[in-house]
Protein chains: 2
Amino acid sequence: MKVRVIVNLKSSVLDPQGKAVCGALRNLGFSQVRDVRVGKVIYLDLDDVGREEVETLVDEMCAKLLVNPVIEEYHWDIVEE
Amino acid sequence: MKVRVIVNLKSSVLDPQGKAVCGALRNLGFSQVRDVRVGKVIYLDLDDVGREEVETLVDEMCAKLLVNPVIEEYHWDIVEE
């Protein structure tokens, strides 16, 4: 099973990488760009995991390693059974 | 309009960050993890852009700044009109 986890900075947290990308795009002439935020996407290829089990498993992985709950939020979906 | 661009390393390109995350998850006891790949997600908040214009615009931004076509591939979708 393949799971895609998307990790973003909370909207209240300043995103310097996003600001840098935003500035760079504007300098290139893309004046339509109002704001940019940058996050991570993590693809997990999991072995022998059922649909019931996967929810607990992914939440546990996020809590223990993938996500810093102080500044980040996440959501995930199954991209391949 | 808000656009989400997802940038991943091509599958033929080695992903050291993904390998590190994979090893760390296994060390934490998540033996079900077969492989991990890590990519970027970029949220663009765009001003005054129509549906016709957005496709050219986003592809141009990716070509000029956001994506390295030698090692990365991307896809994007509109998350908010």
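**Two chains, one shared surface**

Hi everyone, let me start with the interface: about 3,000 Å² is buried between chain B and chain A, and carbon and sulfur atoms give 63% of that area. Please keep in mind that this is a predicted model. As for why I open with an area, the size of an interface is often given as the accessible area lost when the parts come together.

In residue terms, 33 residues of chain B are in contact with 33 residues of chain A. There are also 14 residue pairs in polar contact between chain B and chain A, with both residues at pLDDT 80 or more.

So which parts of chain B do the touching? At least two residues each come from strand E1 (2-9), helix H1 (16-27), strand E2 (33-46) and helix H2 (51-66) of chain B. E2(B) gives the largest share of the side that touches chain A, with 14 residues. If you sort the residues on that side of chain B by type, you get 19 nonpolar, 10 charged and 4 polar.

Let's stay with that strand for a moment. E2(B) runs antiparallel to strand E2 (residues 33-46) of chain A, and 13 bridges join the two. To pick one of these pairings on your screen, look at Gly39(A), whose bridge partner in E2(B) is Val41(B).

Now, the symmetry. Two copies of a chain are related by a rotation about an axis and a shift along it. Here, a turn of 180 degrees and a shift of 0.0 Å along the axis lay chain B on chain A with an RMSD of 0.0 Å. That is the relation of a two-fold axis. Which residue of chain B comes closest to the rotation axis? That would be Lys40(B), with its C-alpha at 2.3 Å. The same surface serves both copies, and 100% of the contact residues of chain B recur in chain A.

Last topic, charges. Side chains of opposite charge can pair when their charged atoms come close. Over all chains, the structure holds 14 salt bridges, and the count between chain B and chain A is 4. One salt bridge across the chains is formed by the side chains of Asp45(B) and Arg34(A), at 3.7 Å from N to O.

Within chain A, the side chains of Asp35(A) and Lys19(A) meet in a salt bridge at 3.2 Å, N to O. Asp35(A) sits in strand E2 of chain A and Lys19(A) in helix H1 (residues 16-27), so this pair ties together parts that are 16 residues apart in sequence.

That's my tour, thanks for listening!

Notes
Residues are numbered from 1 along each chain as its sequence is written. Chains are lettered from A and ligands numbered from 1 in the order in which they are written. This is a predicted model: local features need pLDDT of at least 70, side-chain atom pairs count only at pLDDT 80 or more; totals for chains, interfaces and linings use all residues. Side-chain values use heavy atoms; hydrogens and water are left out. Contact means heavy atoms within 4.5 Å. Buried area is the accessible area (1.4 Å probe) that two parts lose on being put together, summed over both. A polar contact is a pair of N or O atoms within 3.5 Å; within protein, one must be able to donate a hydrogen and the other to accept it, and residues adjacent in sequence count only if both atoms are side-chain atoms. Helices (H or I, at least four residues) and strands (E, at least two) are DSSP runs, numbered from the N terminus. Ala, Val, Leu, Ile, Met, Phe, Trp, Tyr, Cys and Pro count as nonpolar, Asp, Glu, Lys and Arg as charged, and the others, Gly among them, as polar. Two strands pair if DSSP finds at least two bridges between them. Copies are superposed by least squares on the C-alpha atoms of residues with pLDDT of at least 70 in both.
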